[in-house]
Amino acid sequence: MTSDESRPFGDRSGAAGPAVNSYTEWDPLREVVVGSLLGAVFPTWHDSLEHTMPESAWPVFRGHGGSPLPERHLKAAEAELDNLAEVLTAEGIRVRRPDAARHHRPFRTPEWESDGGLYAAMPRDSLIVVGDAIVEAPMAWRCRYHEADAFRPLIKSYFRRGARWLPAPRPQLTDELYRGAHDPGRWAVTEFEPVFDAADFLRFGRDLIVQRSHVTNEFGIDWMRSALGPEFAVHTVETDDAHAMHIDATIAALAPGKLLVHPGRYVHSELFDGWEILPAPPPTLPADWPMYFCSPWVSMNVLSLDPETVVVERQERPLIEALTAWGFRCVEVDLRHVYSFGGSFHCVTLDTVREGGPGRYLSVPSGS
């Protein structure tokens with residue numbers, strides 16, 4: 001497909017309001033992009049993947065870069081994404097889907113080459129909406145160099161209707177960006193150029209939090225601060241995660257004053273003084289379930305539809321019970337096959353329109 005109205009669900013083209021408007025992780029959701037695994041392939045191997053990917057997947061990645069992901073599991077995962085789109089539409093939310101893309105095609109720059117791309121499954125990784133702006137992330141994995149292309153027709157449509165479009169500087173991704181095997185540095189990426197994945201940021205009105213990770217460096221965080229300008233403050237928070245890549249399986253902001261956290265990775269910040277903190281119960285995924293890209297703790301990667309409603313994986317009963325006891329209505333949806341490929345509800349969505357405007361929700365010292 002090539003139209004700007006790519007794969008719409010529940011399309012209400014005449015709806016009034018801003019092209020994009022999203023300041024928090026929890027305000028009432030009105031429009032969302034749901035990703036797609038159509039044509040997904042294994043990532044082309046690079047040593048930096050060792051820092052974040054399950055060790056059991058390394059041999060597969062090394063030998064199958066650019067090759068299709070397992071067909072049977074992939075079809076089941078795409079069916080789950082289609083069902084998620086239908087569930088969200090039934091909740092009264094307008095759903096958009098990305099264009100089909102040829103992820104299997106190899107590509108190269110003057111400095112390096114890749115056997116293929118990856119997928120368009122996780123729009124949260126490459127894009128973030130902050131207020132009336134869409135930011136395109138300069139991603140650190142070489143195989144993800146063209147990932148946002150599948151979403152370009154949508155981005156152009158939003159831009160033509162008044163959204164601000166902020167693409168980060170195109171990264172070179174040369175060897176200078178990556179730490180060598182014998183470099184004692186903590187992170188896989190250096191400060192050679194600005195890089196970040198959008199999923200390392202969370203939005204709290206006028207404030208954003210971000211974690212330093214194996215795909216997000218200080219240079220990238222500084223670029224985001226500069227691009228957003230003085231209207232917004234970007235706060236770096238610590239997490240206790242040796243494999244840090246994407247903050248939304250460590251911290252999930254579900255409503256004003258309510259934070260779901262990973263019981264081991266979360267490090268309390270004074271920014272959340274006065275907030276209720278709920279440690280997520282352990283995931284229920286079977287030990288033999290294939291997980292190519294992440295840990296089973298992606299179970300806590302839920303999506304808030306409004307301050308009282310969250311979308312949760314149907315089989316995560318302990319989490320559903322905990323959230324229900326905390327006062328939330330849980331919309332239960334199957335997504336375990338998607339888990340295998342690196343994400344859950346927050347990862348596979350990009351909330352383009354939420355009700356509400358900028359506010360201050362964090363305990364930020366005056367003058368910060």
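In this predicted model, threonine 239 touches Arg186, Gln211, Thr250, Arg265 and Val267, when residues up to four places away in sequence are not counted. Threonine 239 lies in the loop between strand S10 and strand S11, the latter spanning residues 251-255. The side chain of threonine 239 is joined to that of glutamine 211 by a polar contact of 3.0 Å. Because its relative accessibility is 7%, threonine 239 counts as buried. Threonine 190 stands 49 residues apart from threonine 239 along the chain, and the C-alpha atoms of these two residues are separated by 19 Å.

Strand S10, which precedes this loop, belongs to an open sheet of three strands, in which the order is S8-S9-S10 and the pairing is mixed. The edges of the sheet are formed by strand S8 (201-204) and strand S10 (233-236), each of which pairs on one side only. On average, and with direction ignored, neighbouring strands of this sheet are turned by 25° against each other. Strand S8 and strand S9 (residues 207-210) run antiparallel and are joined by four bridges, and within this pair leucine 202 stands opposite isoleucine 209 of S9. Helix H5, made of residues 218-228, packs on the sheet and touches S8, S9 and S10, while the direction of the helix makes about 165° with that of S10.

A parallel arrangement is found for strand S15 (residues 309-313) and strand S16 (residues 329-333), which pair over five bridges. In this pairing, glutamate 313 stands opposite valine 333 in S16. Together with helix H6, which covers residues 317-325, strands S15 and S16 make a β-α-β unit that is right-handed.

The cysteines were considered next. A disulfide is a covalent bond between the sulfur atoms of two cysteines, and the structure holds zero disulfides. For cysteine 143, the closest cysteine sulfur is that of cysteine 294, and because the distance between the two sulfurs is 15 Å, they are too far apart for a bond. Cysteine 143 is also buried, with a relative accessible area of 5%. Cysteine 347 is likewise in no disulfide, and the cysteine sulfur nearest to that of cysteine 347, again in cysteine 294, is 7.4 Å away, whereas a disulfide would require the two sulfur atoms to be within 2.5 Å. Cysteine 347 counts as buried because its relative accessibility is 4%.

Definitions and conventions. Residues are numbered from 1 along each chain as its sequence is written. This is a predicted model: local features need pLDDT of at least 70, side-chain atom pairs count only at pLDDT 80 or more; totals for chains, interfaces and linings use all residues. Side-chain values use heavy atoms; hydrogens and water are left out. Two strands pair if DSSP finds at least two bridges between them. Helices (H or I, at least four residues) and strands (E, at least two) are DSSP runs, numbered from the N terminus. A crossover is right-handed if, with the strands pointing away from the viewer, the path from the first strand over the helix to the second runs clockwise. Axes are lines fitted to C-alpha atoms, for helices over the stretch in contact, and angles run from 0 to 180 degrees between N-to-C directions. Contact means heavy atoms within 4.5 Å. Buried means under 20% relative accessible area, exposed over 50%, partly exposed in between (1.4 Å probe, protein chains only). A polar contact is a pair of N or O atoms within 3.5 Å; within protein, one must be able to donate a hydrogen and the other to accept it, and residues adjacent in sequence count only if both atoms are side-chain atoms.
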